[in-house]
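Me: I would like to go through the reasoning behind some labels given to this structure, taking the strand pairing and then the aromatic rings.

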Amino acid sequence: GGGTSPFAGPISQRTSEDAPSPPLNVMAYNLSSTSIMVTWQPPQTTNGIISGYQVNYFVSGGSIETMDTNNVTSTNLTGLVGYTTYTIFVRARTVILGDNSTFVMITTNEDVPSSPQSFSLSPVAGSPNQLSASWSVPIPRNGIITGYSVYCNTSANQAYPEQ
């Protein structure tokens with residue numbers, strides 16, 4: 001015979017966590033010439049419990065630097081180079097790391113340039129009271145060079161040995 005059996009009762013089973021969707025609205029703000037604040041919103045689909053985020057950043061042609069955070073939606077990147085463009089993206093993490101957010105590009109503020117390179121003085125031919133000064137641009141520039149200041153000191157009664 002074919003009869004009906006009694007109802008066995010409900011069965012509950014939890015599925016495993018999966019990778020979350022990318023974080024939303026990633027933004028970057030200059031704090032100084034060497035630091036940037038990055039903010040974002042949680043992913044639309046978490047697929048589990050968000051345990052933290054991975055903030056990634058790099059300069060063109062450079063390797064990707066990574067900073068792991070707890071379950072927060074902002075962090076500061078520090079120790080950066082002045083007047084340098086960084087590309088930043090964020091990934092959310094459950095037990096699995098999710099996909100990249102959209103990429104954001106930002107240039108750090110300008111900073112004081114380093115000293116000019118290859119500074120030299122040479123006499124101007126036919127002009128015994130003139131010198132020619134030359135130099136190469138500083139490396140790194142840390143911004144847009146708008147000019148140079150050249151300082152001169154003369155010592156009237158100082159004897160120089162002849163060569």
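Me: What makes β6 and strand β7 (residues 104-107) a pair of strands?

Reply: The model is a predicted one, and in it 4 bridges join β6 to β7, the two running antiparallel. Two strands pair if there are at least two bridges between them, so with 4 bridges β6 and β7 qualify as a pair. One of the contacts to look for is that of Thr85, whose bridge partner in β7 is Thr107.

Me: How do you know that strand β3 (residues 52-58) pairs with strand β6 (residues 85-93)?

Reply: The same kind of count applies: 7 bridges join β3 to β6, again in an antiparallel arrangement, and the requirement is at least two. Among the residues involved is Tyr57, which has Ile88 as its bridge partner in β6.

Me: Why is the aromatic pair of Phe119 and Trp135 called stacked?

Reply: The ring centres are 6.1 Å apart, and the planes make an angle of 20 degrees; because a pair needs centres within 6.5 Å and stacking needs planes under 30 degrees apart, both conditions are met. Phe119 belongs to strand β8 (residues 117-124) and Trp135 to strand β9 (residues 127-136), so this pair ties together parts that are 16 residues apart in sequence. The structure holds 6 aromatic pairs, and ring pairs also link Phe58, Phe89 and Phe103 into a cluster.

Me: Why is Phe119 called exposed, and what is Trp135 counted as?

Reply: Phe119 has a relative accessible area of 52%, and exposed means over 50%, so the label holds. Trp135, at 30% relative accessibility, counts as partly exposed, because that class lies between 20% and 50%.

Conventions
Residues are numbered from 1 along each chain as its sequence is written. This is a predicted model: local features need pLDDT of at least 70, side-chain atom pairs count only at pLDDT 80 or more; totals for chains, interfaces and linings use all residues. Side-chain values use heavy atoms; hydrogens and water are left out. Rings of Phe, Tyr and Trp (its six-membered ring) pair if their centres lie within 6.5 Å; planes under 30 degrees apart count as stacked, over 60 as edge-to-face and the rest as tilted. Buried means under 20% relative accessible area, exposed over 50%, partly exposed in between (1.4 Å probe, protein chains only).
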